[in-house]
Amino acid sequence: MRGLIVGAVEGTRVAARKIASATDWTLAGIMTLPPEKAGRHSDYVDLSDVARETGARLIHAQDSNSDDACAALAECAPDFTFVIGWSQICRPNFRAAARDRVIGYHPAPLPRLRGRAALPWTILLDEKISGSTLFWIDDGIDSGDILAQQFFHVAPRETAASLYAKHMDALEGILDMALSSLAAGEEPRTKQDDTFATYAAKRTPADGLIDWNWSADRIDRLVRAVGRPYPGAFTTFKDRTITIFGSNISAIPNLHAMPGQIVARASDEFAVMCGDGRVLTVTDFTISEDQPLPLQHAVLGRST
C-alpha cells in the first residue's frame, strides 16, 4: 500500500513515521507547508528530515487544493491519503486527485467537537472524556464515517501540552489498527450520529486575553488550555505584554485587593487577585521586550 500524508504538525510526523514503518506500507509522499509559512501553525513541525529518512517525496504547498498540489498528489499515486494536522478543507478536486480515498484525523471524540481548536476547547469546556478519531473525509466538516477511534480520560488539571501528548499516543494506536485493516483490504466505516454533534469555533491568539474579573478557576483553565505548544494566555501592564504558560490557585485569608492586582511576587513567580477573591499564582511566564516584572501592588490589564 502507498500512503501520502498531508500536514505540518507533530501529529503529521508521528503518522508519517508510522506509515513508513508499517508492514505492507510505503510512504510515497509528504505534503506540507513551505518553511516560510510556518507561522500558520503555532505547533508547526519541519518535516523535511522525515522525508529524507523515509525516502518520501516532499511536496511544499501553501494551498493543498491548488492545481499544482493536486497534480503532485496524483503523481505520487497513493492508495490512501491521510490529512493530519492541516487547517485547509479538502475540496472536491483534492479528493479526486486522491481517488476519493482520503482519511482525516481529528483530536476529539467525533461527532463531538467538530471544527477548530479542539484541544483548547476540550479544556475550556472541562470535558471529562476526549478521544482521537480517524475518519473518511467527505463534503462536510469532520462529518465523515469513522474509521478508527480511541477514547481516554481528561485529567482535572490537564494542560494543552499533556492533552497533546495523550492525543499523540492515541493517534499511534488508531493508526496501527487502521493501517492493518486497510492493508488487508478492509475499509471500516461507522456513520457518525449527527444528533450528538457539537461544533467548536475558531480561536485566535487574541482569545487568550485574561479578564482578571473572572474567577481564578476560569483564568487557570484558560492558561492550561492555550499554553505551549499554543501562544499562551496573556495580560498587559502599561505597554508590556505578559504571556502566561503556567499557574495554580490558592487563597490568602483576609486579603483585600482589586482584581488584577499583584499581591505577592518573587523572582520567578507572582500572585494576582482574581474576581472571586482567590489568587492565581503565575509560575511560568514571559514579558515582552525583556522588561522586568511589575512591582507588587501593580494592577494588570490596564493600559495606563
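**Exercise 1. Classify Arg-101, then find its partner and say what the pair ties together.**

Solution. Start with accessibility: Arg-101 counts as partly exposed because its relative accessibility is 24%, and the partly exposed class lies between the cut-offs of 20% and 50%. Bear in mind that this is a predicted model.

Next, look for the partner. The side chain of Arg-101 meets that of Glu-187 in a salt bridge, at 2.9 Å from N to O. Glu-187 sits in the loop between H6 and strand E9 (199-200), while Arg-101 sits in the loop between helix H4 (92-97) and strand E5 (102-106), so the pair ties together parts that are 86 residues apart in sequence. Glu-187 is partly exposed too, with a relative accessible area of 32%.

**Exercise 2. Work out whether Arg-114 is buried or exposed, and describe its salt bridge.**

Solution. Take the accessibility first: at 2%, Arg-114 falls under the 20% cut-off and therefore counts as buried. Now turn to the charges. Side chains of opposite charge can pair when their charged atoms come close. Here the side chains of Asp-194 and Arg-114 meet in a salt bridge of 2.8 Å, N to O. Asp-194 belongs to the loop between H6 and E9 and Arg-114 to strand E6 (residues 114-115), so this pair ties together parts that are 80 residues apart in sequence.

**Exercise 3. Check the length of helix H1, then describe its surroundings and its link to helix H2.**

Solution. Begin with the length. Helix H1 (residues 10-21) has twelve residues, and at 1.5 Å a residue these should span 16 Å, because the expected span uses one less than the number of residues. The end C-alpha atoms of H1 are 17 Å apart, which agrees.

Then ask which residues of H1 are buried. They are Gly-11, Thr-12, Val-14, Ala-15, Ala-16, Lys-18 and Ile-19. Their cover includes strand E1 (2-6), strand E2 (26-32), helix H2 (48-54), strand E4 (80-83) and H6.

Finally, follow the charges. Glu-53 and Arg-17 form a salt bridge through their side chains, at 3.2 Å from N to O. This pair links distant parts of the chain, with Glu-53 in helix H2 and Arg-17 in helix H1, 36 residues apart. Glu-53 counts as exposed because its relative accessibility is 52%, whereas Arg-17, at 35%, is partly exposed. Arg-17 and Glu-53 also belong to a network of salt bridges with Asp-49. The count of salt bridges comes to 20.

**Exercise 4. Trace the strands that pair with E14.**

Solution. Take E11 first: strand E11 (residues 240-250) pairs with strand E14 (residues 279-287) in the antiparallel sense, over eight bridges. Within this pairing, Ser-250 stands opposite Val-279. Move on to strand E13 (residues 270-273), which runs antiparallel to E14 and is joined to E14 by four bridges. Ala-271 of E13 stands opposite Thr-281. To close the path, E13 and E14 form a hairpin with five residues between them, and Gly-277 in the turn has a positive phi of about 85 degrees.

**Exercise 5. Describe the nonpolar cores and the contacts of Phe-270.**

Solution. The largest nonpolar core holds 62 residues; Ile-5, Ile-30, Phe-82, Leu-134, Leu-171, Trp-212 and Phe-270 have the most contacts inside it. Helix H6 (residues 160-183) supplies the largest share, eleven residues. A second, separate core has 23 residues, including Val-6, Ala-8, Leu-73 and Ala-98. Now zoom in on Phe-270: beyond four places in sequence, the residues touched by Phe-270 include Ile-242, Ile-262, Leu-280, Val-282, Phe-285 and Leu-300.

Key. Residues are numbered from 1 along each chain as its sequence is written. This is a predicted model: local features need pLDDT of at least 70, side-chain atom pairs count only at pLDDT 80 or more; totals for chains, interfaces and linings use all residues. Side-chain values use heavy atoms; hydrogens and water are left out. A nonpolar core is a set of buried Ala, Val, Leu, Ile, Met, Phe, Trp, Tyr and Cys residues joined through side-chain atoms within 4.5 Å. Buried means under 20% relative accessible area, exposed over 50%, partly exposed in between (1.4 Å probe, protein chains only). Helices (H or I, at least four residues) and strands (E, at least two) are DSSP runs, numbered from the N terminus. Contact means heavy atoms within 4.5 Å. Two strands pair if DSSP finds at least two bridges between them. A salt bridge is a side-chain nitrogen of Lys or Arg within 4 Å of a carboxyl oxygen of Asp or Glu.
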